[in-house]
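Here are some notes to read alongside the structure. Take the points in order and keep the view open as you go.

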Amino acid sequence: MESSVRREEEPVLTPRQIFERLDRYVIGQEEAKRAVAIAAHNHLKRIQARRMRRGSLIKKSNILLIGPTGSGKTHIARNLAEILSVPFTTVDATEYTEAGYYGKDVEVMISDLLFKANHSVEDTQRGIIFVDEVDKIARRTQGARNGAGSRDIGGEGVQQALLKLLEGREVFVPMNVTQAWNKSDFVQIDTKDILFICAGTFSDLHDYGDGGSRPLGFGAEEAVRRVQKRISVKQLVDFGMLAEFLGRLPVMVQLHALGEQDLLRVLTEPPDSVLRELRELLSYDEIELDFTEEALRAVVRFSAEKGLGARGLRSILEHVMADVMFDAPELRRRRLTVDADFVRGRLAGLDTAQLSV
């Protein structure tokens, strides 16, 4: 009997194994990948303990990712879900309101996960929910700390509503995401083993000391590295996040803005990189596509200078290659080489507001 139980027990991925798999798709952010790998490993051990019906003291390792746009927050969460082979959904915190107001109740995010899990309650209860833009639900009224004063239905109220999900309770969620108002079709979901990964830019904190200004001029980048500090829990509370909310996100990870060298690696190295995708698209029209190194550096330099990060690389390349993609079916059996002059010409005068990032 004991041997059969052992056979049923699935081996838990080690933090190193999770890190190495993340490392194939996520460039840079070594500290963030290590922290996420440890949290994910503990999450798997917790799920396994419950499956084996063993009592466990392991608490949920919900994660808070803090970093600028395009630093890889969503990318890390999505790839983590694929590595763990669990259902995954991304939700925007700004879409939710306090219960009783027009807008989505927080239980609807569990409905999204249930839909992604093909309505399997068991799979849903071990999935991952990525809650983006949590900095946008900070307390907007700086009145009494006990919640008295003006209503803040899209900020503090949403944080309070999320507490029960982050902590892990049984909740009733609508079966149909598009008809959340229909009170008849509900299912009970236990959120104890749903891993929540929350993320936000918290751009007003700037990552530069305690409210100090950003160094400018010669040697500024080196100065930034010297004064850059970790964001503290106190700073987040002062920003408008509830201490109880942060307490349910025990793993806090800061991501840094990617430099040009990292962006160049993002563009070329991962198996699912934008450049590989572009080459595959054109290969259907029997076109071989090459970029000179200077052309690729011109792309990443534009993204870095405009603060678009890795997320902006796709939009920039699509803008650069728009005419080529339009003419591709008529250019069969060709070999095209894109050089730096072509890239700079296409990017000259481009307004970043035209790019979807």
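The points below go from a sheet and its helices to a few loops and single residues.

1. Before anything else, bear in mind that this is a predicted model. Everything that follows describes that model.

2. Start with the open sheet of five strands. Its strands pair in parallel, and their order is 2-3-6-1-7. The edges belong to strand 2 (88-92) and strand 7 (251-254); each has a single partner strand, so one side of each has no neighbour in the sheet. Going from one strand to the next, the twist averages 20 degrees.

3. Now look at the edge formed by strand 7. Strand 1 (residues 63-66) runs parallel to strand 7 and is joined to it by four bridges. If you want one pair to click on, Leu-64 has Met-252 of strand 7 as its bridge partner.

4. Which helices pack on this sheet? One of them is helix 3 (residues 30-51), which touches strand 1, strand 6 (195-200) and strand 7. The direction of helix 3 makes about 160 degrees with that of strand 7. Helix 5 (residues 107-116) packs on the sheet as well, touching strand 2, strand 3 (128-132) and strand 6. Its direction makes about 150 degrees with that of strand 2.

5. Helix 3 also has a helix to pack with. Helix 2 (residues 15-25) meets helix 3 at an angle of about 130 degrees, and their axes are 8 Å apart. The two are therefore oblique to each other, and their crossing is right-handed. On the helix 2 side the contact is made by Pro-15, Ile-18, Phe-19, Leu-22 and Asp-23. Helix 3 brings residues including Glu-30, Lys-33, Arg-34, Val-36 and Leu-44. Sorted by class, this contact holds nine nonpolar, one polar and four charged residues.

6. A second helix pair is worth a look. Helix 13 (residues 293-305) and helix 16 (residues 340-347) pack at about 30 degrees with axes 7 Å apart. That angle makes helix 13 roughly parallel to helix 16, and the crossing here is right-handed. Glu-294, Ala-295, Ala-298, Val-299 and Phe-302 of helix 13 meet Ala-340, Val-343, Arg-344 and Leu-347 of helix 16. The contact has seven nonpolar and two charged residues, and no polar ones.

7. What does helix 11 (residues 260-268) bury, and against what? Its buried residues are Asp-262, Leu-263, Leu-264, Val-266 and Leu-267. They pack against helix 12 (274-283), helix 13 and helix 14 (311-320). Note that Asp-262 is listed among the buried residues here.

8. Next, try strand 8 (residues 287-291), which shows its two faces nicely. In a regular strand, side chains alternate between the two faces of the sheet. In strand 8, Ile-287, Leu-289 and Phe-291 make up the covered face, while Glu-288 and Asp-290 make up the uncovered one. Strand 8 pairs with strand 9 in the parallel sense, over five bridges. Phe-291, from the covered face, has Val-338 in strand 9 as its bridge partner.

9. Which residues does Glu-286 touch, leaving aside those up to four places away in sequence? They are Arg-332, Arg-333 and Arg-334. Glu-286 sits in the loop between helix 12 and strand 8, and at 37% relative accessibility it counts as partly exposed. Its C-alpha atom is 5.4 Å from that of Arg-332, although the two residues are 46 residues apart along the chain.

10. Arg-333 deserves a second look for its backbone. Its phi is near 55 degrees, a positive value in a residue other than glycine. Arg-333 lies in the loop between helix 15 (322-327) and strand 9 (334-338). Is it buried or exposed? With a relative accessibility of 65%, Arg-333 counts as exposed.

11. Ser-85 is another residue with a positive phi, about 55 degrees, although it is not a glycine. You'll find Ser-85 in the loop between helix 4 (73-84) and strand 2. Ser-85 is exposed, and its relative accessible area is 54%.

Technical notes:
Residues numbered from 1 in each chain as written. Predicted model: local features only at pLDDT ≥ 70, side-chain atom pairs only at ≥ 80, totals over all residues. Heavy atoms only, no water. Pairing = 2+ DSSP bridges. Axes fitted to C-alpha atoms, helices over the stretch in contact; angles between N-to-C directions. Contact = heavy atoms within 4.5 Å. Buried < 20%, exposed > 50% of the residue type's maximum accessible area, 1.4 Å probe, protein only. Parallel < 35°, antiparallel > 145°, perpendicular 65-115°, else oblique. Left-handed = near helix turned anticlockwise from the far one by under 90°. Nonpolar A, V, L, I, M, F, W, Y, C, P; charged D, E, K, R; others polar.
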